[in-house]
Amino acid sequence: MTTRITSAVMIAAGLLLWGGCERTPGTNVAEPASASPVQSSSPTTNATGTIAGMVRIPEGRFQMGDKGQVDAKPHEVAVSAFFMDRTLVTQDQYEKVMGENPSRWKGGKNPVEQVRWSDAVRFCNKRSELEGLRPCYDLKSWKCDFDADGYRLPTEAEWEYACRAGTSTAYFFGDDASKLGDYAWFDKNAGGRPRPVGQKQPNPWGLHDICGNVWEWCNDFYKVDYYGESSPTDPKGPGAGQTKVVRGGAWRFSAERCRSAYRYNENPGYADVCFGYDIYGFRCVKK
């Protein structure tokens, strides 16, 4: 356990050299975890209730967390059904909605990166508005209206539930990390940069790059011991905090960081003077 925490501190220090707002880790912080095409009206929905570019995640219960991780106490969680983008938001999609591309590693089909949590939230609201949906976020308070029908970031519980896709192993494909290269871009196969979305095999629920490529912003504030106090049904994270949860691992991190339960956190970057790292991206969810 001491080795895990020491590794967290070393890598967190290294990240500060890449720019952005300084992250304030928790006392026992663990080290870092084609979207729907934008429409001019409501998103395309067919008779079965599916939305183009998104996967319907069914309601269910699962064991969230990992007994070997200091900030991820295992506990049972019930999650309501929701839709999730099949892939990470790409640079093409982000630029079409926001009119700019902040990414370091340019490529239309690459995941957008160098986005702050606040940038991802603004994208969710703008995407909602373009499709005639009610935005989820108040951009003054940064609060999320979970009853709105627009796009938002997944809660940490939703993210892990969708990533696991009914599994209980370290990775959604099992416990053998040597198979990770079939499903994810990470430090051993990414070649030192993010890669176009959707090239690797999806998880059992059809989600591509749910581990690896870039870390994915979640809606929740981060708190080391939150799992010990969270709601057993649709937990939405602490009411306040200094950092936001990111999940899934990234192109320059190890296989260990791509585990389904692995938690990390970063400064959300509310202020314009802050900017994102090239390891953070996101995907959207909706009711």
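**View 1. Cysteines in the predicted model.** Cys218 is buried, with a relative accessible area of 0%, in a model that is predicted rather than determined by experiment. Cys144 also counts as buried, at a relative accessibility of 18%. The cysteine sulfur closest to that of Cys144 belongs to Cys136 and lies 4.9 Å away, which is too far for a bond, given that a disulfide is assigned to sulfur atoms within 2.5 Å. A search through the whole structure accordingly returns 0 disulfides.

**View 2. The open sheet of 4 strands.** The strands of this sheet follow the order 8-7-6-9, and their pairing is mixed. The edges are taken by strand 8 (263-266) and strand 9 (280-281), each of which has a single partner strand, so one side of each is left without a neighbour in the sheet. Strand 7, spanning residues 244-247, is joined to strand 8 by 4 bridges, and the two run antiparallel; within this pairing, Arg247 has Arg263 of strand 8 as its bridge partner.

**View 3. Strand 6 and its two neighbours.** Strand 6 covers residues 215-221, and 7 of its 7 residues are buried, so this strand is largely enclosed by the rest of the structure. Towards strand 7 the pairing is antiparallel and rests on 3 bridges, with Trp217 having Val246 of strand 7 as its bridge partner. Towards strand 9 the pairing is in the parallel sense, over 2 bridges, and here the bridge partner of Trp215 is Tyr280 of strand 9.

**View 4. An edge-to-face contact between Trp117 and Tyr270.** The search of the whole structure finds 18 aromatic pairs. In one of them, the ring centres of Trp117 and Tyr270 are 6.0 Å apart and the ring planes stand at 90 degrees, so the pair is edge-to-face. This pair links distant parts of the chain, since Trp117 belongs to helix 3 (residues 117-130) and Tyr270 to the loop between strand 8 and strand 9, with the two positions 153 residues apart. Trp117 is buried at 0% relative accessibility, whereas Tyr270, at 31%, counts as partly exposed. Together with Tyr137 and Trp142, Trp117 and Tyr270 form one aromatic cluster.

**View 5. A stacked pair, Tyr171 and Phe173.** The rings of Tyr171 and Phe173 form a stacked aromatic pair, with 5.0 Å from centre to centre and 10 degrees between the planes. Tyr171 is buried, with a relative accessible area of 5%, and Phe173 is likewise buried, with a value of 17%.

**View 6. Lysines over aromatic rings.** The charged end of Lys200 sits over the ring of Trp185, at 4.2 Å from the centre of that ring. In a further arrangement of this kind, Lys244 lies over the face of Phe221, and its distance from the ring centre is 3.6 Å.

**View 7. Helix 4 and the residue that follows.** Helix 4, made up of residues 156-164, is mostly covered, as 9 of its 9 residues are buried. Among these buried residues are the charged side chains of Glu156, Glu158, Glu160 and Arg164, as well as Trp159, Tyr161 and Cys163. The helix is followed by Ala165, whose phi is positive, near 50 degrees.

How values were computed. Residues numbered from 1 in each chain as written. Predicted model: local features only at pLDDT ≥ 70, side-chain atom pairs only at ≥ 80, totals over all residues. Heavy atoms only, no water. Pairing = 2+ DSSP bridges. Buried < 20%, exposed > 50% of the residue type's maximum accessible area, 1.4 Å probe, protein only. Phe/Tyr/Trp six-rings, centres within 6.5 Å; stacked < 30°, edge-to-face > 60°. Lys NZ or Arg CZ within 6 Å of the ring centre and 35° of its normal.
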